[in-house]
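Ready for some practice in reading a protein structure? Take a look at the picture, then work through the exercises one step at a time.

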Amino acid sequence: MKGSILGPLLYNIYTAYLYHVAKHDQIHFYADDTQLMIPFIIESIVDITDLISSDLKASSSWCKNNGLCINPEKSYY
């Protein structure tokens, strides 16, 4: 659907459920990029790492189950 008028709208509808998958993070979508963000204080880094990991696993699983590919070369935290 590259270059189509409905493409961005359909993509947003398709990926809207990701807001519910990540339980602890805030999600920001821009075009076909997705960012998971979570504010924290440095003293709680161990706890936050566990929360981020669980949301990343849930998001990755959702993408796999719904036919979306995550590019590991462009993914980092």
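Helices and strands here are DSSP runs, numbered from the N terminus, with at least four residues for a helix and at least two for a strand. Keep in mind that the model is a predicted one.

**Exercise 1.** Find how many helices and strands the protein chain has, and in what order they run.

*Solution.* Start by counting: the chain holds three helices and two strands. Next, walk along from the N terminus, and the order you meet is α-α-β-β-α. For a sense of scale, the C-alpha trace spans about 45 × 25 × 20 Å along its principal axes.

**Exercise 2.** Describe how β1 and β2 are arranged.

*Solution.* First locate the strands: β1 covers residues 26-30 and β2 covers residues 33-37. They run antiparallel, joined by five bridges. One pairing to look for is I27, whose bridge partner in β2 is L36. Now look at the link: β1 and β2 make a hairpin with two residues between them. In that turn, A31 has a positive phi of about 55°.

**Exercise 3.** Work out which side chains of β1 are buried and which are not.

*Solution.* Begin with a general idea: in a regular strand, side chains alternate between the two faces of the sheet. Then apply the cut-off, where buried means under 20% relative accessible area. In β1, I27 and F29 point to one face and are buried. Q26, H28 and Y30 point to the other face and are not buried.

**Exercise 4.** Trace where the residues of the largest nonpolar core come from.

*Solution.* List the members: L18, V21, A22, I27, F29, W62 and C63, seven residues in the largest nonpolar core. Then match them to elements: α2 (18-21), β1 and α3 (45-65) each supply at least two residues of this core. Now zoom in on W62. Setting aside its neighbours within four places in sequence, W62 is in contact with Y14, T15, Y17, L18, V21 and L68.

**Exercise 5.** Explain why L9 can be part of a nonpolar patch on the surface.

*Solution.* Place the residue first: L9 lies in helix α1 (residues 7-15). Next, check its exposure: L9 has a relative accessible area of 47%, which makes it partly exposed. Patch residues need over 30% relative accessible area, so L9 at 47% passes that cut-off. Finally, see its company: L6, L9, L10 and I13 form the patch, with about 380 Å² of accessible area together.

How values were computed
Residues numbered from 1 in each chain as written. Predicted model: local features only at pLDDT ≥ 70, side-chain atom pairs only at ≥ 80, totals over all residues. Heavy atoms only, no water. Patch = residues over 30% accessible without salt bridge, like charges linked within 9 Å, V, L, I, M, F, W, Y side chains within 5 Å. Areas by Shrake-Rupley, 256 points an atom, 1.4 Å probe, with all protein chains shown as cover. Salt bridge = Lys/Arg side-chain N within 4 Å of Asp/Glu carboxyl O. Buried < 20%, exposed > 50% of the residue type's maximum accessible area, 1.4 Å probe, protein only. Pairing = 2+ DSSP bridges. Core = buried A, V, L, I, M, F, W, Y, C linked by side-chain atoms within 4.5 Å. Contact = heavy atoms within 4.5 Å.
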